[in-house]
Amino acid sequence: MNPRCSHAILVLLAILAIRADAATIRTIAGTGKAGYSGDGGPATEARLDNPFGVVRGPDGAIWFCEYSNHVVRRISKEGVLTTIAGNGKMGYTGDGGPATAATMNQPHEIRFDRDGNLFIADMRNHAIRRWDAKTKVLTTFAGNGQPGYSGDGGPAAKAQFKQPHSIQFAPNGDLYVCDIGNHVVRRIDMETGLIETFAGTGKAGPTADGSPIKGTPLNGPRSLDFDRDGNLWVATREGNQVFKFNLKKGRIHHIAGTGKKGFTGNGGPAKEATLSGPKGIALAPNGDVHLADTESHSIRRIKTATGIMEVVVGTGVLGDGPDGDPLACKLARPHGVFVEADGTLLIGDSETHRVRMLKP
């Protein structure tokens, strides 16, 4: 074989190998146009309206909430879309009855407990609601529906929240809530049903590195997740920072963000980077931290081994796609991000009205 030809073949094979290895992003739900349609059909042909929180359910399906349609929907393994909770109207009705007949008011995030029941941060109803996996009945689990800050030490169902945005279960099963309007993170003991303030003082303020969890202010705790070691991670929306809460030592550690709003520092130390209203956080199995950096229209990642901040999806400019190269795929104010066991990212790309998937 001609040496030049042989070399050309080797180069081509190398290029194909790189392309085969490269991460690709694709739309798994939504047409890009706002609406509420498509139940019973392919998710990619349905119309959504502001998908926010997204998770992989215990049934293997992908579940997400739609902020503007006031519903929770499900994408089956076959790609079929159905509405699981909410009737598409804004309200606060239906407790004790079929979830699909109930109304919600701008749900932000969803999580499953150990038994497969779904919990919903029903933000504008100032409540956490529960979908029973066996009966498909919706009930209010926490919050009395009135905005406020009360109830610590008592039953969670009688407490008051002020726009709870994010929820997550700790390794021991307790439920943590970002009560952003009160600038606190609250904890619900799932055995007793009692609620307490876990972090924050009730007033916005700076969070110093190394400070104790108790008695230290937070500035807009927006989203939370746990790592495999049981540490709690919190992204602050107004604070434009990321913190790790060491629950064993009772200390808060500053991980990312200078506190100023921006889209700088990519490729450098996360502590020196600027964030732009992060509204989602997700921990990967390897410990890396993924952020839905909403106002910079991107998904950013903190490599915990090096402390480096990088962009994994988006250009920093508002737009819609195209699918393919994640660094060329424009996003529009993403709110939801979830990392699967194999590193696959699920993204609630809110204002393109799509749910996207990034395969590693």
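Start by selecting Phe 112, Gln 168, Phe 169, Asp 225 and Phe 338: of the 25 residues that line the largest pocket, these lie nearest its centre. The model on screen is a predicted one. The space in this pocket comes to about 680 Å³.

Next, colour the strands around the largest pocket. At least two lining residues come from each of β2 (51-56), β7 (107-112), β11 (164-169), β15 (221-226), β19 (278-283) and β23 (336-339). Sorted by class, the lining holds 14 nonpolar, 9 charged and 2 polar residues.

Keep β2, β7, β19 and β23 selected, since the next stop uses them: each also gives at least two residues to the lining of the largest cavity. From β2 comes the largest share of that lining, 3 residues. To see the cavity wall, select Gly 53, Val 54, Val 55, Glu 109, Arg 111, Ser 223, Gly 280, Ile 281, His 335, Gly 336 and Val 337. By class, these lining residues are 5 polar, 4 nonpolar and 2 charged. The volume of the cavity is about 60 Å³. How many cavities of 30 Å³ or more does the whole structure have? The search finds 1.

Now move to the second largest pocket, which holds about 270 Å³ of space. Select His 290, Arg 301, Val 312, Gly 343 and Pro 360, the residues nearest its centre among the 20 that line it. Then show β21 (298-303), β22 (308-313) and β25 (354-359), each of which supplies at least two lining residues. The lining of this second pocket is made up of 12 nonpolar, 5 charged and 3 polar residues.

Note on methods. Residues are numbered from 1 along each chain as its sequence is written. This is a predicted model: local features need pLDDT of at least 70, side-chain atom pairs count only at pLDDT 80 or more; totals for chains, interfaces and linings use all residues. Side-chain values use heavy atoms; hydrogens and water are left out. On a 1 Å grid over the protein atoms alone, a cavity is a set of points where a 1.4 Å probe fits but cannot get out, and a pocket is an open set with protein on both sides within 12 Å along at least five of seven lines; lining residues have an atom within 4 Å of a point. Grid points are joined across faces, edges and corners, and a volume is the space filled by probe spheres set on the points. Helices (H or I, at least four residues) and strands (E, at least two) are DSSP runs, numbered from the N terminus. Ala, Val, Leu, Ile, Met, Phe, Trp, Tyr, Cys and Pro count as nonpolar, Asp, Glu, Lys and Arg as charged, and the others, Gly among them, as polar.
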